[in-house]
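Here is a friendly walk through one protein model, taking its strands and helices a few at a time. Keep the viewer open as you read.

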Amino acid sequence: MDSTNNPGDNGAKNGEQNESGQLIVAKDILPESLFVIPISHRPIFPGMMIPIVLTGDFMIDTANKILETEHKIGGVVLARELRESGAPRSEDLYEVGVTIKVLRVTPIDEKTIQMMINALGRFTRVRVLNDGPLIQWQVAHHEEEDHSGSEVMKAYSKAIISSVKELIKSNSLFQEELKLFVNRFSVEDPGKLADFVASMTSADTGEVQDILETFDVRKRVEKVLVLMKKEIELSKLQEKITKQIEQRISKQQKEFFLKEQLKEIKKELGLEKDEKTTEIEQFEERIKKLTLTEEAAKKIDEEMNKLKLLEPHSAEYGVARNYLDWITSIPWGVYSTDNYDIKKAKKILDRDHYGLDDIKDRILEFISTGKMKGNITGSIICFVGPPGVGKTSIGKSVAEALHRKFFRFSLGGMRDEAEIKGHRRTYIGAMPGKIIQSLKTVGVANPVIMLDEIDKIGASFQGDPASALLEVLDPEQNSNFLDHYIDLRFDLSNILFIATANQMDTIPAPLLDRMEIMKLSGYIMEEKVQIATRYLIPKQLREHGLQKGDVDIDKQGLRMIINGYAREAGVRSLENNIKRIMRKSTRRFAEGDKKKIKITAKSLPDFLGNPRFTDESLYDKKMAGVVMGLAWTSMGGATLYIEATAVPSKNKGFKQTGQLGDVMKESSEIAYTYVSSRIKDYGIAGNFFNENMIHLHVPAGATPKDGPSAGITMATALYWLAKNRPIKLHIAMTGELTITGKVLPIGGVKEKTIAAKRAGVKTIIFPFENKKDYDELPKYIVKGLKVHFVNYFDDVLKIVF
């Protein structure tokens, strides 16, 4: 129920005329039984004539019941809280309400009516006659006392009128209504005066209802005066806040107008230009420093003319301005001068990296080719190797050696082709791709751009970034690279792209075909010792605020860190362990210990705990059917044991365990078939395979394994098991075996050699066709190893037995 409170003339002093024209006093016609309409928000006071809106079947039925009565009289009572569902009950209503007479009813729609009512007087509930769905009460009506001759009540009335006049000065919200009140109500009727003032205040519902329930006029007037006092104080506070806000706004407006006037004066005097003119001049200044293509010059000229015609506040102005900002920020025809000094380049590479001689040689050959040609164009290099071997850092060194700017961004997890080729300008928030962004950042058209983690690039419904890279990394196409946002062809052929990857398997074949692969296999013990001594330890001393000599790690201690705590191919874990040592050392110094710290193999567990790795030789003695193989992983090389055992059985059989992939399972079946087919040649008991179930297992069952390179290792384990003939200790092998006994070449020779040396292997067997790969290895890697190259499995048996 909604209502609007308006003061009204109560006709003939709360009375009405009968059909003969005689005046009937209201108290003579007020029935003791009333149908009650619940209302919300605020109560209605006697003497008011207001419209109320009734919604819902319950309300409309109650109104109809009132209209059916002789004098169309009912009651209106404030609800403490209306129910969310269902009709309200008597218990939900206050006990005091007002008697109303319905003057007019106007339908609004099927479920809503508007009813004009005249509030007559107060009543109190005596008892409930009907409590649902319509509410009907027996009530007691209250007559107002006559205080017309009382000087005290007249004084109270004047006090109320004074308060109202004071409120009018500060509160314009009810100004017209309060003025009307002052003109129409007399000091001789303090009760009605108090009722109207109470209805106009912003007091809480409970406080206003309390005024309605106060039948004693004097007490009611006193309560209303207290409410008016609160209202006046609230109005003054509101006025004060409003003035403070207006003062602030006035000050800001004054400053704004003065600044605008100052701008106009400066413009007239030629001392200052507007924002639009400044931006256009900025673009023109940039263009002078660029060597634009014919297509770019034409496009920029069109956009500049458009910008001059647009208003700065228009949406299109912002789009045009951003586009011009991008295309004038790209380094059209701006190149840095390359350095082709081979000795200086070698010095930089040696300064930043120890070892990696094969990679350094290929980079120097690459720079030499550029020197002879006069430029380095159409070159895309991909460094492939395990984490922590220096792929990213060697890319930085290449950029420094060439005197080129360097920019790196990661492709790992990239799923949207717009990251490479940009968004079309029709989209909100559109911007160029990473390639154009990188050129803006470096400011030259021939930087070194590193595409990190190219093997981890993704694909989604938004496009395939790997396919978008095909244009970027193709020397035949990237001279006319078209970014969707810039929409102008830009020459990328002068950029040296360097990609990095941990493995080549996940790089799409067309992308792989466009790159020159350089493999970084990892570091052996001697290389890690030198890297730690020359680079990592001095760097961590500086970063932890320590001086040279404060913390000293001896050679044996360093070797133990490498062998027991950081055995992976790269040096990242080695650096992390050195950091741990430095942190513990700085704590000792911070706690007051001034003694210099020396780290030895014996004291190392105090700083790093117990070693994570133990000797890779799982077996300290010869065991039948156990042979060491060599494997390649994305983390570098690793040793791999093959175990074979025989279980007596009525039927022959062969099973494999150790989470082997399909290719490795096939290799094991080939080895089984080959050895069992040659039992006569090898002198194996004829019934050995027929009376035994052969079980072949590869330890570390939680690790997935696959590949054909363990073929000869599996065959050797089966041969040893069948012959019960032990092989030499400290020997490892790798090679693919065919069903005819031919040994085929494998990959990862360097990684496997490093893994064998780390495990203390003295003798290695490789396929004969891998001899060329082995001969390319540095001497310090193969030092102390005895290597055999085999063509057939029979050659393997001659070496191991």
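How many bridges join strand E23 to E26, and do they run parallel or antiparallel? Strand E23 (residues 731-733) is joined to E26 by 3 bridges, and the two run parallel. Within this pair, Ala-732 has Ile-764 in E26 as its bridge partner.

Before going further, a word on confidence: this is a predicted model. Its mean pLDDT is 83, with 90% of the residues at 70 or more. Please read residues 2-26 with care, since pLDDT stays under 50 there; the model has 43 contacts beyond four places in sequence for this stretch.

**The open sheet**

E23 and E26 belong to an open sheet of 7 strands, ordered E21-E22-E20-E19-E23-E26-E27, and the pairing is mixed. At the edges are strand E21 (653-657) and strand E27 (786-790), each of which pairs on one side only. From one strand to the next, the twist averages 25°. Helix H24 (residues 711-723) lies across E19, E20, E21, strand E22 (692-697), E23 and E26, and it runs at about 30° to E20.

**An enclosed helix**

Why is helix H25 described as largely enclosed by the rest of the structure? The reason is that 8 of the 10 residues of H25 (residues 749-758) are buried. Among them are Val-749, Ile-754 and Ala-755, and also the charged-name trio to look up in your viewer, Lys-750, Glu-751 and Lys-752. The cover over the buried residues of H25 includes strand E19 (626-633), strand E20 (636-648) and strand E26 (763-767), together with helix H12 (357-373), helix H26 (771-775) and helix H27 (779-782). After H25 comes Gly-760, with a positive phi near 80°.

**The hairpin around Thr-112**

Now turn to the strands E6, E7 and E8. Their pairings are listed here.

| Pair | Sense | Bridges | Example of bridge partners |
|---|---|---|---|
| E6 (residues 73-78) and E7 (residues 96-109) | antiparallel | 4 bridges | Gly-75 and Thr-99 |
| E7 and E8 | antiparallel | 12 bridges | Pro-107 and Ile-113 |

E7 and E8 form a hairpin, with 2 residues between them. Thr-112 is found in strand E8 (residues 112-131). Is Thr-112 buried or exposed? Its relative accessibility is 10%, so Thr-112 counts as buried. Beyond its neighbours within four places in sequence, Thr-112 is in contact with Val-53, Leu-54, Thr-55, Ile-60 and Pro-107. Pro-107 also appears in the pairing of the hairpin, as the bridge partner of Ile-113 in E8.

Methods: Residues numbered from 1 in each chain as written. Predicted model: local features only at pLDDT ≥ 70, side-chain atom pairs only at ≥ 80, totals over all residues. Heavy atoms only, no water. pLDDT = per-residue confidence, 0-100. Contact = heavy atoms within 4.5 Å. Buried < 20%, exposed > 50% of the residue type's maximum accessible area, 1.4 Å probe, protein only. Pairing = 2+ DSSP bridges. Axes fitted to C-alpha atoms, helices over the stretch in contact; angles between N-to-C directions.
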